[in-house]
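Got the model open in your viewer? Keep the selection tool handy, and we'll walk through it stop by stop.

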Amino acid sequence: MTNEKKIGFIGLGNMGFPMAKNLLAKGYTVYGLDLNKDSEHRLAALGGKTGLTTASLVNEVDLIFTSLPTPQIAEAVFLGEDGIIQHCKKPTTLVDLSTISPDVNRKVAKAAEENNLDYLGAPVSGSVSGAVNATLAIMVGGNKTTYDAVLPYLEVLGANVFHVGDDPGAGTIVKLINNLMAGFHNQAVAEALTIAERAGLDKDIVYDIVNVSSGQSTLFTRNYKTFISQDEYIDGAFATALLLKDLKLAKDYADSVHGKLPLSEKLIEFYESAVEEGYADKDMSSVYVMIQEEINKQLQEA
């Protein structure tokens, strides 16, 4: 593959837009598509080709990346009546960068193969900042020859690219493992700093000590430095609702292989409460605030 190859990018959200932008910056021709036409206009301002439908885009390009929020949306984009596979009439490689489910990856891969298309399930990790800075980890499942052909493009998007196996759902399984662990780390940070808060400790000092001790983690640094210490839980980071979606997907997969995740079940219940309490669109670190509010409410009622 060379820079002459035309690339389609469907899904120009918080993750997709900076990835498409990075491909443009490397000189690739990128055709972008999103329900939010403001995102398309932003990409067009950078030199992207926009204003297309799925049907018109798929036959303009040789490689299509998708970055979509849920398994249901991904399935519709690939397999629906107006979807990619229905309209793609030329040899094309499809690479899904979303966190969906292994079963959806496999379902799409089967339909792609039946239509002489190549498919890779390639979820990414590293949040919005990783997409912006092209430092993402990318976990790829699918045919190794297809992976080798697409690798130069993936290396534009991320700093750590892995071929997990020929199963198109293999990368997604690893991503769900990662996000399950992130959910526990996220909760650990919130509860640990709650102890510091209730003890009246300087949380900056607590952070400095833990950061050079065995409790250190990249998620502790992320949550404290970017969100908790700033008391800012902006929309557009890694939303609590997205974390809950991934935790449920991890549990669903564990159930399908007869795994048992007793603590994960409790964690899912907690994040369901967080979403119900209005934290769905806030960064996942905002569960720290929810815990403080619950404590204060209990104290007021006592």
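**First stop: salt bridges**

Select Lys251 and Asp255: their side chains meet in a salt bridge, with N to O at 2.8 Å. A salt bridge here is a side-chain nitrogen of Lys or Arg within 4 Å of a carboxyl oxygen of Asp or Glu. Before going further, note that this is a predicted model, so local features need pLDDT of at least 70 and side-chain atom pairs count only at pLDDT 80 or more, while totals for chains, interfaces and linings use all residues. Residues are numbered from 1 along each chain as its sequence is written, and side-chain values use heavy atoms, with hydrogens and water left out.

Back to the pair. Lys251 and Asp255 are four residues apart in helix α12, so about one helical turn separates them. Helices (H or I, at least four residues) and strands (E, at least two) are DSSP runs, numbered from the N terminus. Asp255 is partly exposed, at 38% relative accessibility. The exposure classes go like this: buried is under 20% relative accessible area, exposed is over 50%, and partly exposed is in between (1.4 Å probe, protein chains only).

Now pick Glu265 and Lys260. They also form a salt bridge, and their closest N and O atoms are 3.9 Å apart. Lys260 is exposed, with a relative accessible area of 63%, whereas Glu265 is partly exposed at 28%. Next, highlight Asp103, Arg106 and Asp167 together, which are linked in a network of salt bridges. How many salt bridges does the rule give? The count comes to 13.

**Second stop: helix α2**

Select residues 37-45, which make up helix α2. Which residues of α2 are buried? They are Ser39, Glu40 and Leu43. These three cover an arc of only 100° around the axis, so they sit on the same side of α2; the arc is that of the directions from the helix axis to the C-beta atoms. Show α1 (16-25) and β2 (29-33) too, as the buried residues of α2 pack against them (contact means heavy atoms within 4.5 Å). Spin the view to the face turned away from the buried side, and you'll find the exposed residues Asp38, His41 and Ala45.

Zoom in on Glu40, whose side chain meets that of Lys37 in a salt bridge (2.7 Å, N to O). Glu40 and Lys37 are three residues apart in α2, so about one helical turn lies between them. Glu40 counts as buried because its relative accessibility is 3%, while Lys37, at 37%, is partly exposed.

Then look at the two ends. Asn36 caps the N-terminal end of α2, with a side-chain oxygen 2.9 Å from the backbone nitrogen of Asp38. That is a polar contact: a pair of N or O atoms within 3.5 Å, where within protein one must be able to donate a hydrogen and the other to accept it, and residues adjacent in sequence count only if both atoms are side-chain atoms. After α2 comes Gly47, with a positive phi near 110°.

**Third stop: Asp283**

Jump to Asp283, in the loop between α13 (262-279) and α14 (287-301). Is Asp283 buried or exposed? With 0% relative accessibility, Asp283 is buried. Turn on polar contacts: the side chain of Asp283 reaches the backbone nitrogen of Phe238 at 3.2 Å, and a 2.6 Å polar contact joins the side chains of Asp283 and Ser285. Leaving aside neighbours within four places in sequence, the residues in contact with Asp283 include Arg222, Phe227, Tyr233 and Thr240.

**Fourth stop: two positive phi values**

Select Ser127, in helix α7 (residues 127-133). Its phi is near 65°, a positive value in a residue other than glycine. Ser127 is partly exposed, with a relative accessible area of 21%. Then try Asp231, in the loop between α11 (218-228) and α12 (240-256). Phi of Asp231 is near 50°, again positive in a residue other than glycine, and Asp231 is exposed, at 58%.

**Last stop: strand β8 and a long span**

Finally, select Phe162 in strand β8 (residues 158-165). Phe162 is partly exposed, at 46% relative accessibility. Add Val164 and Val174, and you have a nonpolar patch on the surface, with about 230 Å² of accessible area together. To end, draw a distance between the C-alpha atoms of Ala149 and Ala192: they are 43 residues apart along the chain and separated by 45 Å. Ala149 sits in helix α8 (residues 144-157).

Terms used. Patches are made of residues with over 30% relative accessible area and no salt bridge: like charges are joined within 9 Å, nonpolar side chains (Val, Leu, Ile, Met, Phe, Trp, Tyr) within 5 Å. Accessible areas come from the Shrake-Rupley method with a 1.4 Å probe; for residues, only the protein chains shown count as cover.
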